[in-house]
Structures are given as C-alpha cells and as structure tokens.
Amino acid sequence: MIVALASAHPYDTIDADLPLLVDALSQHGVETVIRYWDDPQARWDDVAVTLVRSCWNYIERREAFLAWAERIPHLQNAADILRWNTDKTYLRDLADAGIDVVPTHWDVRTKEELPAASEWVVKPSVSAGSADTARWAMPDDAVAHSRALQDAGRTAMVQPYIASVDAQGETAMIYTDGRFSHAIVKGPRLTRDSTAGTEPTRAESVVATTPEPAHHDAAERVLGICRGRGLDPLYARIDLVEDASGRQLLLELELTEPSLFLPHAGGAADRLADAVLRRAAG
C-alpha cells in the first residue's frame, strides 16, 4: 500500500507532523510519498489514499486548489469538506446551527458596525497561519483594515479580541476519524502596539494539555454539526477560547491543512496512521 501526503514547497521541510506520520505508517508496512499538490507532473492515481497536509500556499490560489481536490481519488479530507472549510464564512453556518462562535461581523466599513469590544481582530475569510491578520486597539484602525481587505476583493472578518487568550491561550482539540486524539494549548500570537495598532505575531507557543469536560462538549457539538451536514473528516482540529463567563467559544474549525501537533502527544501519529488505514480499507 502507498499513501500520498500532499504538501507544497517549501512547507514539506518545516511540517513537524510529516516525519512522525511517515514513521507511523511505515511501522504498518505502508510506503509514503510526499507530493506537491501544485506540481502538474505529480501522479495521484497510484496510491491508496491521499492526505491533504501542508498545502499552505492554497490561499493564494484557492480555486485551483479546490479544482485539484475534485480530481484526486481517495482524498482525505475530501473535496466537499475543503470547499466548505477553506473560507471562514463556514462560521456563519455553525453559528446558525447553534454553535457558540466568537462573535463575527462581516465586511465592516464603519465604526458603528464594529462589535462591542476594547480591541478587535481583523482578518480575511480565506487565510492560513495568521496571514493578513491583525489585532487593533483603535476603532479607526480596525475599520481601515477591514475596508482594505474588501477593497482588495476579499471578505473581511472582524471579531472582538477575547481577553482570556492572553492568559490562557487557545485550546486545540484534535480528532482522528471522529475520535478524540489529544489536545494542546497555543499561546497568544497577536501583539498590540498602543499607537500603531499591531506588531508582527509572536512565535507560536504550544504545550500539551488535558482538556476539561467543557472542551469536549464544545468540540463534540461542532463535529455533530459536521456529521449532520454529511461531512466525514479524517482529521479535525477545533480551536476554542473562553469568554468572560467561562463559556467555550469556537474560534476556528480546521479541516483543511491544520497542524495536528503530533509531536506534542504520545501515540498521536499512530492514531492518525490507524485512521488512515481504516479509510484505505473502507
């Protein structure tokens, strides 16, 4: 059996999950190949399963990426999941379904349209790795960022900055084949300057954690909505933050190319490899 791990140059060299997954699959006698999704010479019909992994340049060519996904047999996660999940407007669907989502205002153009907050996060709805994302303390700066994104033909998201992130970080719940695998806490990345509004993001801080029942409940509700929509992801990462009342809010649902933080949890790569094999056998 051969499994393809879809990546992009140069991200295959910095994806910390890839070596562990390759090793775990090899322990099952599975050969792996790393191929670039945007390489027109790459073959995809000679493998049992293709996993979308570090295709982190897709935000520059989303439609080309989705067209590629539609052509690939035995793709995990599947093309219908990718089309829905690569634009963060999916948060509207989840909010409409009753999920507690970080309040999000779309395409803000005036200060009156901003959500009530002392700071705001502004980002495009198609992005990865905090690209074009900023944290602002001044309403005029938040509005200007939102307007600039729209003027560039992008959908702008404006959210209140959740203060608990500075002290508690974000909790990422990782699932494989619908089963909880492990969880990590990511420290805050967005820094704020009192006059300029934003500075470059901090280096990512990641530690393993044992999630509380509230984290499990929130993550399971999100996955339940996915199942109700007919989506069946091989892997999922649910990023949660806590509001002032202690309620867990969904920040993002990562079903496309998330870091799964395999180095931070013993056995996580093996659990993912087992899930890959179950999909290949099915």
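## The largest pocket

In this predicted model, the largest pocket holds about 1,100 Å³ of space. Of the 50 residues that make up its lining, those closest to the centre of the pocket are Gly129, Ser130, Lys186, Arg189 and Glu204. Sorted by residue class, the lining divides into 23 nonpolar, 13 polar and 14 charged residues.

Where the lining draws on regular secondary structure, the elements that give two or more residues to it are strand S6 (120-124), strand S8 (156-160), strand S12 (235-242) and strand S13 (248-254). The largest share comes from S13, which supplies 4 residues.

## Strand S12 and its partners

Strand S12, one of the elements that give two or more residues to the pocket lining, is mostly covered, with 7 of its 8 residues buried. S12 pairs with strand S9, residues 170-176, in an antiparallel arrangement joined by 6 bridges, and within this pairing Tyr175 stands opposite Ala236 of S12.

S12 also pairs with S13, again in the antiparallel sense and over 6 bridges. Here Glu242 is the residue that stands opposite Gln248 in S13. The two strands form a hairpin with 5 residues between them, and in this hairpin Gly246 takes a positive phi near 90°. Both strands of the hairpin are thus named among the contributors to the pocket lining, S12 with residues in the range 235-242 and S13 in the range 248-254.

## Cysteines

How many disulfides does the model contain? With a disulfide taken as a pair of cysteine sulfur atoms within 2.5 Å, the count comes to 0. Cys55 is in no disulfide, and the nearest cysteine sulfur to that of Cys55 belongs to Cys226, 20 Å away. Cys226 is likewise in no disulfide, the nearest cysteine sulfur being that of Cys55, at 20 Å.

Are these two cysteines buried or exposed? Cys55 has a relative accessible area of 0% and is therefore buried, given that the term applies under 20% relative accessible area. Cys226, at 1% relative accessibility, counts as buried by that cut-off too.

Terms used. Residues numbered from 1 in each chain as written. Predicted model: local features only at pLDDT ≥ 70, side-chain atom pairs only at ≥ 80, totals over all residues. Heavy atoms only, no water. 1 Å grid on protein atoms, 1.4 Å probe; cavity = no way out; pocket = protein on both sides within 12 Å on 5 of 7 lines; lining within 4 Å. Points joined across faces, edges and corners; volume = space filled by probe spheres on them. Nonpolar A, V, L, I, M, F, W, Y, C, P; charged D, E, K, R; others polar. Buried < 20%, exposed > 50% of the residue type's maximum accessible area, 1.4 Å probe, protein only. Pairing = 2+ DSSP bridges.
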